[in-house]
Amino acid sequence: MGFVSILDKKIQPYKDFSQPEFMVDLNLDQVVNQIQMAWPEEVDKFYYYLPKDKEVSDYRRAIYADIKKEGVFEALNCFMERMRERNHAEENCHAVFYPLQKHVWFVLEVALYCDACTGLNEALQGFEFASEGMQEFKKELSAYVSSEAYVKMQDAAREMRDEITNFHITLIYENDRIVVTEARQTGTYENFLHQAFGESSDRIKSPFMKKMNLTNLEQEIVEIFRKKHGKFVASAKKFYDVYEEYDMDWIFRFAEEVPFYLSYHQFRDVMISLGYSFTAPTVDETKDMKASGLYDLALALVNSRQGKEVVSNGLEYYDGERFFVLTGPNQGGKTTFARSLGQLVYFTKLGLDVPADVANVHHFTRILTHFSVEESVETGRGKLKEELVRLKPMMEEQSDGAFVIINELFTTAANYDACLMGKKVLAHFIGEGCRGIYVTHLKELTEGTEGIVSLRAMLDDKRIQSFRIMRKEADDSACAQNQVNKYRLTYEQLKERLSR
């Protein structure tokens, strides 16, 4: 069928997608911001589009597996560096007004484009790819750079570039006269300054590099060149006229899309160097969904800067289990665990490696989140009404097969009302064929609903938060004991304080 896109088998309007709401709830906006900051091109837009179809996620996962092969990332990164140089030349070509100057920049632009394409093609010949996307791209690129039209364009661009780069002039100012001669020496004006003035040359800048457009003196010099080298001037104009539409859409689409993989791979390698694990998830619906060594990637980013460790956890949905209901003490890692589950599903759907040691993740159509919010001063609504307003579209929209994350819902309602509403919410999403997790202080939500699994944030032997999440029945005493320890209210501590 031929190569179409490195992200999908059809072209998607990625630029039209805005940041999904769930990314803020899961702190994924912080992760994407970090990836974006460390990469030259704009890549955040690709993280906003979450493929709905399993086929797209599988297509990407296979491509990313190829990109992770030794040497492939380096080859693609080299291609991108050359394309950046080409893009800079294109910007200069559009910025100048003098015709010959525009034609020269265009020659350099095309020559750099050919360097990028030919260099990548030569590099890819040394790799065997398993993914359909990389196989198709490699095949089409090889055919393209071997075509008669491309070879002719490349030879012409390189020949003229050599002539441009080998041309030098010398300006001699003497007795109120400027003498212009063609120079024999090689190197740039900056090199000449360094040779003549040494380290002090750092304070001396070329007067000809302050603006892209030519000064009057430069235009006079170009006129001398144009008259003396009329053949080259004519060739440059002809080259511009013939190859003005030289670019191939699918190559530029590849150059725009492949940074999605490269930026994440670079970010992943940095995190691995800091001691964090990543794995390529399997997506096998015939086996239980599970993961071990799972952690919150956004929290890992923060803790890595502060020298703190991140506690990892595991999970497993057995056959027939639909929702985890997670209870436990405050500050015990409940929200962090819920976010790590959402991140697990998110990166699996994107076709990338996930922050875990091992993972088998089922396919979900979308991610839905509802995290507790404060009262809105602007709307004047109370906290409970704010939560219900956010919850309404989630329950009205098509949510079949979604992964749902609910965090501390209905905390301002009476216990009875909160339990009643919470059970209705769980029953709705379970009826829609969803899976997910509900973080709550209500142990009653773990009771009486089929498909519900009780998880608990555990305390250690000293009754302090361990940040471990386990399959345990909800326990009010654990929460109470945690508060007692936190505020030094044990019998011994009270007795000691009262005896003072």
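Modeller: Let's start with a term: buried means under 20% relative accessible area, exposed means over 50%, and partly exposed lies in between (1.4 Å probe, protein chains only). The model above is predicted, so local features need pLDDT of at least 70 and side-chain atom pairs 80 or more, while totals for chains, interfaces and linings use all residues. Residues are numbered from 1 along each chain as its sequence is written, and side-chain values use heavy atoms, with hydrogens and water left out.

Biologist: Thanks! Why is Arg86 called buried?

Modeller: Its relative accessible area is 2%, which is under the 20% limit, so the word applies. Arg86 sits in helix H5 (helices are DSSP runs of H or I with at least four residues, strands are runs of E with at least two, and both are numbered from the N terminus).

Biologist: What makes the pair of Arg86 and Glu109 a polar contact?

Modeller: Their side chains come to 2.9 Å, and the cut-off for a pair of N or O atoms is 3.5 Å, with one atom able to donate a hydrogen and the other to accept it. Glu109 also appears among the contacts of Arg86 (heavy atoms within 4.5 Å), together with Leu112, Tyr113, Tyr246 and Phe252, leaving aside neighbours within four places in sequence.

Biologist: How many salt bridges are there, and what makes Arg84 and Glu41 one of them?

Modeller: The structure holds 19. The term asks for a side-chain nitrogen of Lys or Arg within 4 Å of a carboxyl oxygen of Asp or Glu, and for Arg84 and Glu41 the N to O distance is 2.6 Å. Arg84 lies in helix H5 (72-95) and Glu41 in the loop between helix H2 (28-37) and helix H3 (44-48), so this pair links parts of the chain 43 residues apart. Arg84 has 23% relative accessibility and counts as partly exposed.

Biologist: Why does the salt bridge of Lys45 and Glu256 tie together distant parts?

Modeller: Their side chains meet at 2.8 Å, N to O. Lys45 belongs to helix H3 and Glu256 to helix H12 (249-257), so the two parts are 211 residues apart in sequence. Lys45 is buried at 9%, whereas Glu256 is partly exposed at 32%. Elsewhere, salt bridges with shared partners join Lys68, Arg268, Asp269 and Asp353 into one network.

Biologist: And what do Glu132 and Lys9 tie together?

Modeller: Their salt bridge has an N to O distance of 3.2 Å. Glu132 lies in helix H7 (132-146) and Lys9 in the segment before helix H1 (21-25), so parts 123 residues apart are tied together. Glu132, at 32%, is partly exposed, and Lys9, at 30%, counts as partly exposed too.

Biologist: Which strands stand at the edges of the open sheet, and why?

Modeller: The sheet has three strands in the order S4-S3-S6, with antiparallel pairing. Strands S4 (313-317) and S6 (358-360) each have a single partner, so one side of each is left without a neighbour in the sheet.

Biologist: How do you know that S3 and S4 pair?

Modeller: Pairing needs at least two DSSP bridges, and S3 (289-294) and S4 have four, in the antiparallel sense. Lys290 stands opposite Glu316 in S4.

Biologist: Where is confidence lowest, and where is it highest?

Modeller: On pLDDT, the predictor's confidence in each residue from 0 to 100, helix H18 (476-486) is lowest with a mean of 52 and S6 is highest at 98. The chain mean is 87, and 85% of its residues reach 70 or more. Residues 375-380 stay under 50, and the model has six contacts for them beyond four places in sequence.
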